[in-house]
Structure formats: structure tokens, C-alpha cells
Amino acid sequence: MIKIGLIGTGHLGKIHLRLIKELSDVYELVGIFDNNPEQAKVVSEEFDCKAFTSAESLIDAVDCVDIVTPTTTHFETASLAIKRSTHVFVEKPVTQTTYEARALLALAEEANVKVQVGHVERFNPAFRAAIPYFDQPMFIETHRLAQFNPRGTDVPVILDLMIHDIDAILSVVNSTVRKISASGVAVVSDTPDIANARIEFDNGCVANLTASRISLKNMRKSRFFQKDAYISVDFLEKEMEVVQMETLDGEAGPYDMVMEMGNGKPSKKIIFDKPEIEASNAIKEELRTFAECIKNDTTPIVSLEDGMLALHVAEQILDKLKMNGSILNK
């Protein structure tokens, strides 16, 4: 059993807490800490767990810590844990800046501890079902739209929403980023509430990302185009669809969809596949795999390096938005 403590008992923190208690086969919940003692007291009574009076005392009592606090505190809290040789799960974005993420990476390597970043969409069952079908996608389009919620407006929509798709794309495209362009509009807050970014990779792949937190409906869809295949992932509905083309061998069947290629080229048969997706809770799965990587001494599925790279791309998008006036320099 891995002894775990949770730091940060807000809305998302309580979701983590409930799932940690459900994962009683791998975790022993030691307790919680929150900078607000009254909040910690209420949550400790609700979840029947100990509320520690300091982050240090909680960290010293556990094998790993789950950090679900505002991004502004990630670096300080994670550093505190790593310096005490405690494994760390930290919500996304990993830190406020890439500079802080690099410093965390150096600390983690020196302390030889595991650090996993909470890019939860990597554990979405629809995305995981799509992974075997990816074969060098060359055009990617994502739409992540959310209805307005004041709770997320303390950070730009890039760090609030788009960073999910940045991380997912970087995990699929095996190439370095060559060029980034972006535009956005601040509608109800001081930073862009809707933004579009175009990421060009050295291998020729292009990703077009749109994120909005002022939509009338929620949408989280990504489309991947590659040689002879189109893959659609609906993160919200947890559905995945694949359309593939293969060279027609022999005569077409009565129900086959066939595309004539012309110029003497062989015809292509179109195959539709919509696999059954086994239901799962993505946050629960990421917490379970965190326990597994500690137990088996393996690299986390979403490593600190992954979190740092996603943040670096997000920072470049924010820089582009500042350059074109979408974000005002204060």
C-alpha cells in the first residue's frame, strides 16, 4: 500500500480525494492539507480523514502527495515534497513557467522520485482506444469549447483548456515544433476567452487548435488525418471513430463503399470502425497508473518532461497572443 496525502481541497481536490478513497487497493489515504484551515476541517469531516496543520507535516507522513492547488503554488509545493524524497502527482499546468518546470525536473532527478502531471485527457478511454490507430498523422484539428464558468478565468484559456489538446497532440506527433501562430479575443475577462493556434512541426504535420470558454455548448473533439485514415475522438462523449481506406483486392462486395482513384490507380475500399469504448474514470485511471509507476519503478505515462513541453508550447502561444495584442502587457 502506498501512503498518499492530498494538498488542496477545492472542487477538483475533493474529486481526487473521493477517487483516492475508491482506490483503497493501492493507496492508503493518510490525510489532507489546505491553506484554509476551516476548509480543511470541513473536508476532513466529510471524507473521514485527518487534516494536517502544515504541508510539511503531511509530506513527511506519506510516500507520495497529490497536489491539487492553484497553479501559482505548484512549484513551491512540489519542490517541498521532492526535497523530502516524496513522489509527486501535480495537476496541470505543471507550473507557472517553463523555468520553474526545469527547476523541478532537476530536483526530481537528484532526488530520484516520480513526478506525474495531471493531463487527464491522456487517460480518456476514447483517446486511449485511438492510440493504436495513429500512424504519423499529418493534419490535426481540435475544438475544446466550454460554457462560461468564472472559476477558470484567473488564467488564459490557453492554460485552462487548450493545454489539454497541446499535450495530447505532442504525445501523438513524433516531431519537434517548428512554428507557432495564434490569435484570440478577450470577451469577458482580461485575457483571451477564445483563441486559435496553429502549430507546425518539422515533419510537416500541422495542428489547428481552437479553445473557448464562452461557448453556448460544451465540445471536446479532435480529428486526426493521416495516410489512408481519419480518426475522430470525442473526449466529452467518450467516443472514437476510424475511417480507413485500403486497396480493393478482387471484386467489391455488394455493401462495400469503393472510391475510384482514377489514372489507372487501384480502387480503395472505405472501412468504417467505431469501437466499443469501455467506460472508465480518467482521473481515477491516472491516479492508479501513478501508483503503478511508483511500485514498479517505471516512467509515468505523463511525465514531468511531458508537462514541461506542453507548458513550453502554451507559453509560445501566449507570446504570440501578446505580440498581436490579444493579451495586453501590464
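1. In which loop is the place of N112? In this predicted model, N112 is placed in the loop between α5 and β6, and, although N112 is not a glycine, its phi is positive, at about 55°. A reader checking backbone geometry may wish to look at this residue together with the two loop positions taken up in the next point.

2. S85, found in the loop between α4 and β5, likewise has a positive phi, near 60°, in a residue other than glycine. In the loop between β5 and α5 (98–111) lies P93, which is joined to K92 by a cis peptide bond with omega of about -15°.

3. The strands flanked by these loops belong to an open sheet of six strands, whose order is β3-β2-β1-β4-β5-β6 and whose pairing is parallel. At its edges stand β3 (50–51) and β6 (115–118), each of which pairs on one side only. The partner of β6 is strand β5 (residues 87–91), and these two pair in the parallel sense over four bridges; among the residues concerned, V90 has V117 in β6 as its bridge partner. Helix α4 (residues 74–83) packs on the sheet, where it touches β1 (2–7), β4 (64–67), β5 and β6, and the direction of α4 makes about 170° with that of β5.

4. Antiparallel pairing is found elsewhere in the chain, where strand β7 (residues 139–145) is joined by seven bridges to strand β11 (residues 219–226). Strand β11 is also joined, by six bridges and again in the antiparallel sense, to strand β12 (residues 229–234). F225 in β11 can be followed through both pairings, since it has F139 opposite it and also stands opposite Y230 in β12. The hairpin of β11 and β12 has two residues between the strands, and D228 in this hairpin takes a positive phi near 65°.

5. Helix α1 (residues 11–22) has contacts with two other helices, and the first to be described here is with helix α8 (residues 282–296), where the two axes come within 10 Å and cross at roughly 60°. That angle makes α1 oblique to α8, and the crossing is right-handed. On the α1 side the contact is made by L12, I15, H16, L19, I20 and E22, which meet I283, K284, E286 and L287 in α8; by class, the residues of this contact comprise six nonpolar, one polar and three charged.

6. Within that contact, which charged side chains meet in a salt bridge? They are those of E22 and K284, with an N to O distance of 3.1 Å. The pair links distant parts of the chain, as E22 in helix α1 and K284 in helix α8 are 262 residues apart. Side chains of opposite charge can pair when their charged atoms come close, and a search of the whole structure finds 17 salt bridges.

7. The contact of α1 with helix α2 (residues 37–47) can be set beside the one with α8. Here the axes come within 11 Å and cross at roughly 30°, so that α1 and α2 are roughly parallel to each other, and α1 passes α2 in a right-handed crossing. The residues K14, L17, R18 and K21 in α1 meet V43, E46 and F47 in α2, a contact that contains three nonpolar, no polar and four charged residues.

Conventions:
Residues numbered from 1 in each chain as written. Predicted model: local features only at pLDDT ≥ 70, side-chain atom pairs only at ≥ 80, totals over all residues. Heavy atoms only, no water. Axes fitted to C-alpha atoms, helices over the stretch in contact; angles between N-to-C directions. Parallel < 35°, antiparallel > 145°, perpendicular 65-115°, else oblique. Left-handed = near helix turned anticlockwise from the far one by under 90°. Contact = heavy atoms within 4.5 Å. Nonpolar A, V, L, I, M, F, W, Y, C, P; charged D, E, K, R; others polar. Pairing = 2+ DSSP bridges. Salt bridge = Lys/Arg side-chain N within 4 Å of Asp/Glu carboxyl O.
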